[in-house]
Amino acid sequence: MYDIIILGGGPAGYTAAERASSKGMSVLLIEKQSLGGVCLNEGCIPLKTILYSAKVLDTVRQASKYAVTANDVSFDFNKIISRKNKIVKKLLAGIKLKLKKDNIVILEGKGFVLNKKNDDFTVVCNDQTFSAKKLLLCTGSKPIIPTIEGLQDIDFLTSREALSAVELPGRLTIVGGGVIGMEFASFFNSLGVKVSIVELLDEIISGADKELCGMLRTEYAKRGVVFHLETKILSVTETEVTVLNKNRERIVIPTDRLLLSVGRKPRTERFGLECLQLKKTKNGGIWVDENMQTSQPGVYACGDVTGYSLLAHTAAREAEAAVNHIAGEKDRMSYKAIPSVIYTNPEIAWVGYTEEQLLKENIPYKILKLPMSYSGRFTAENEGTNGLCKIFVDNRNIIKGVHLLGNPASEMITAATMAIEADLNIDQWEKVVFPHPTVHEIMKDTLYTVHDASIKRTKT
């Protein structure tokens with residue numbers, strides 16, 4: 001009898017296991033594929049690893065901007081992939097070592113929930129039966145495969161296959177201009193692949209600030225990426241993608257490979273969850289309350305399986321909230337300040353409200369903006385680019401949203417996340433001392449320089 005059985009060893013699962021063990025609970029962690037989940041094995045870490053190689057390549061190519069001469073710049077695609085594999089293997093070993101040191105029992109195989117009896121849960125794995133007082137579901141998500149004529153007849157890619165490619169295509173068509181689609185576009189574009197992106201919506205990266213998305217799209221268009229917005233795919237073959245654009249025109253896009261990146265959906269099937277009769281959300285995720293407890297007492301769910309925020313850092317925090325509730329400690333999951341990052345070059349990062357959300361909820365707001373080039377450190381390290389810092393505050397001057405375009409936005413967004421989570425206002429954030437010279441100062445400069453002159457806006 002365990003205190004808790006966890007199905008799934010991704011960021012939610014292994015974080016929950018570590019936290020539960022530290023609180024004296026006995027833990028069984030069941031993972032059918034590989035610890036680390038999508039994030040470590042076919043998502044966050046491997047993609048960011050190859051993106052960094054592309055970023056280094058871009059930097060060396062632009063060395064002359066910084067009075068440095070670099071001749072015969074080249075890259076080895078197979079070595080880029082090999083380095084990615086090495087880093088994934090190293091990090092996986094670290095997770096395994098940490099879990100074993102915490103005395104967590106790890107079982108490789110597929111867990112299947114058999115029943116709930118007398119407030120205890122029975123799980124079967126590898127023909128063995130285990131029982132626990134609590135059950136935590138961290139079964140993750142899987143790629144959405146759209147229905148497209150001809151798709152079943154071709155060898156298409158998802159992020160998993162793209163990260164294990166053995167050769168570069170000459171032409172790549174990406175279906176979906178979201179976060180993952182843009183990151184792959186960035187990588188392959190840097191390596192000389194002719195990239196086309198087909199997006200059904202009117203702008204790339206749904207959920208991000210449209211002004212910043214437009215700026216990023218313009219930058220990549222200059223680099224040769226072709227964008228087909230408000231465009232629907234009609235059919236595909238091994239060498240062509242036929243689409244219908246917003247003007248109702250049929251266009252044929254020549255291609256060598258097709259990469260599907262239209263999102264992910266919760267993975268809830270074939271785990272025996274039917275016996276628990278769990279409440280679901282509209283998008284098929286498992287419903288949870290602020291403590292990550294499902295509609296079935298004693299059963300918790302964290303990470304992508306809830307379908308709410310498919311981000312590794314959200315999953316880890318959800319796991320902490322769930323374990324704390326199991327341990328009887330006061331805690332609750334807050335989604336007020338969940339940061340998002342797109343690791344293109346330049347990066348985009350944001351946290352809190354977008355303008356569309358403020359309008360939808362009829363929250364009065366002001367827009368504060370400054371080019372990133374206002375920062376001395378940014379100008380010194382990003383020759384010839386401007387970027388943008390965009391901040392939304394409400395009519396009480398409380399920080400509601402921060403949106404950044406420019407490097408290193410991914411490292412800067414944490415400060416904004418803390419400000420929004422703490423409900424800081426302009427005066428409070430201005431009194432925080434920022435180190436100089438850093439690009440982080442742009443956020444403080446934006447507040448100090450322009451907030452008095454900003455225009456109040458409300459829903460019309």
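This is a short dialogue on reading features of a predicted model.

Student: Start with helix 3. What span should helix 3 have, and how far apart are its end C-alpha atoms?

Tutor: Count residues and apply the rise per residue. Helix 3 covers residues 44-61, which is 18 residues. At 1.5 Å a residue, helix 3 should span 26 Å. Its end C-alpha atoms are 26 Å apart, so the two values agree.

Student: Which residues of helix 3 are buried?

Tutor: First the general idea. An α-helix has 3.6 residues a turn, so residues three or four places apart point the same way. Now the case here. The buried residues of helix 3 are Pro-46, Leu-47, Thr-49, Ile-50, Leu-51, Ser-53, Ala-54, Leu-57 and Asp-58.

Student: What do the buried residues of helix 3 pack against?

Tutor: Three helices. They are helix 2 (37-42), helix 4 (77-101) and helix 6.

Student: Helix 6 again. Which strands does helix 6 lie across?

Tutor: Helix 6 spans residues 179-190. It lies across strand 8, strand 9 (194-198), strand 10 and strand 14. Against strand 9, helix 6 runs at about 165 degrees.

Student: In what order do those strands form a sheet, and is the pairing parallel or antiparallel?

Tutor: Read a sheet by order, direction and edges. The order is 10-9-8-14, in an open sheet of four strands with parallel pairing. Strand 10 (226-228) and strand 14 (257-260) are the edge strands, each pairing on one side only. From one strand to the next, the twist averages 20 degrees.

Student: How many bridges join strand 8 to strand 14?

Tutor: Four, between strand 8 (residues 171-175) and its parallel partner. As one example, Leu-172 has Arg-257 in strand 14 as its bridge partner.

Student: Now the sheet 11-12-13. Is its pairing parallel or antiparallel?

Tutor: Antiparallel, in an open sheet of three strands. The edges are strand 11 (232-236) and strand 13 (250-254), which each pair on one side only. Neighbouring strands are turned by 30 degrees against each other on average, direction ignored. Strand 11 is joined to strand 12 (residues 240-244) by four bridges. Within that pair, Ser-235 stands opposite Thr-242 of strand 12.

Student: On to cysteines. How many disulfides does the structure hold?

Tutor: Check sulfur-to-sulfur distances. The structure holds zero disulfides. For Cys-138, the nearest cysteine sulfur belongs to Cys-302, 5.0 Å away. A disulfide needs the two sulfur atoms within 2.5 Å, so Cys-138 is in none. Cys-138 is buried, with a relative accessible area of 8%.

Student: Why is Cys-213 not bonded to Cys-389?

Tutor: Distance again. The closest cysteine sulfur to that of Cys-213 is in Cys-389, 16 Å away, and this is too far for a bond. Cys-213 is also buried, at a relative accessible area of 0%.

Student: Next, His-403. Is it buried or exposed?

Tutor: Compare its relative accessibility with the cut-off. Buried means under 20%, and His-403 has 1%, so His-403 counts as buried. His-403 is found in strand 21 (residues 399-405). A polar atom of its side chain lies 2.8 Å from the backbone oxygen of Tyr-353. Beyond its neighbours within four places in sequence, His-403 is in contact with residues including Asp-209, Ala-349, Trp-350, Tyr-353 and Cys-389.

Student: Last one. Is Ser-340 buried or exposed?

Tutor: Buried, because its relative accessibility is 14%. Ser-340 lies in strand 17 (residues 340-342). Neighbours within four places aside, Ser-340 is in contact with Leu-311, Ile-348, Ala-349 and Trp-350.

Notes
Residues are numbered from 1 along each chain as its sequence is written. This is a predicted model: local features need pLDDT of at least 70, side-chain atom pairs count only at pLDDT 80 or more; totals for chains, interfaces and linings use all residues. Side-chain values use heavy atoms; hydrogens and water are left out. Helices (H or I, at least four residues) and strands (E, at least two) are DSSP runs, numbered from the N terminus. Buried means under 20% relative accessible area, exposed over 50%, partly exposed in between (1.4 Å probe, protein chains only). A polar contact is a pair of N or O atoms within 3.5 Å; within protein, one must be able to donate a hydrogen and the other to accept it, and residues adjacent in sequence count only if both atoms are side-chain atoms. Contact means heavy atoms within 4.5 Å. Two strands pair if DSSP finds at least two bridges between them. Axes are lines fitted to C-alpha atoms, for helices over the stretch in contact, and angles run from 0 to 180 degrees between N-to-C directions. The expected span of a helix is 1.5 Å times one less than its number of residues.
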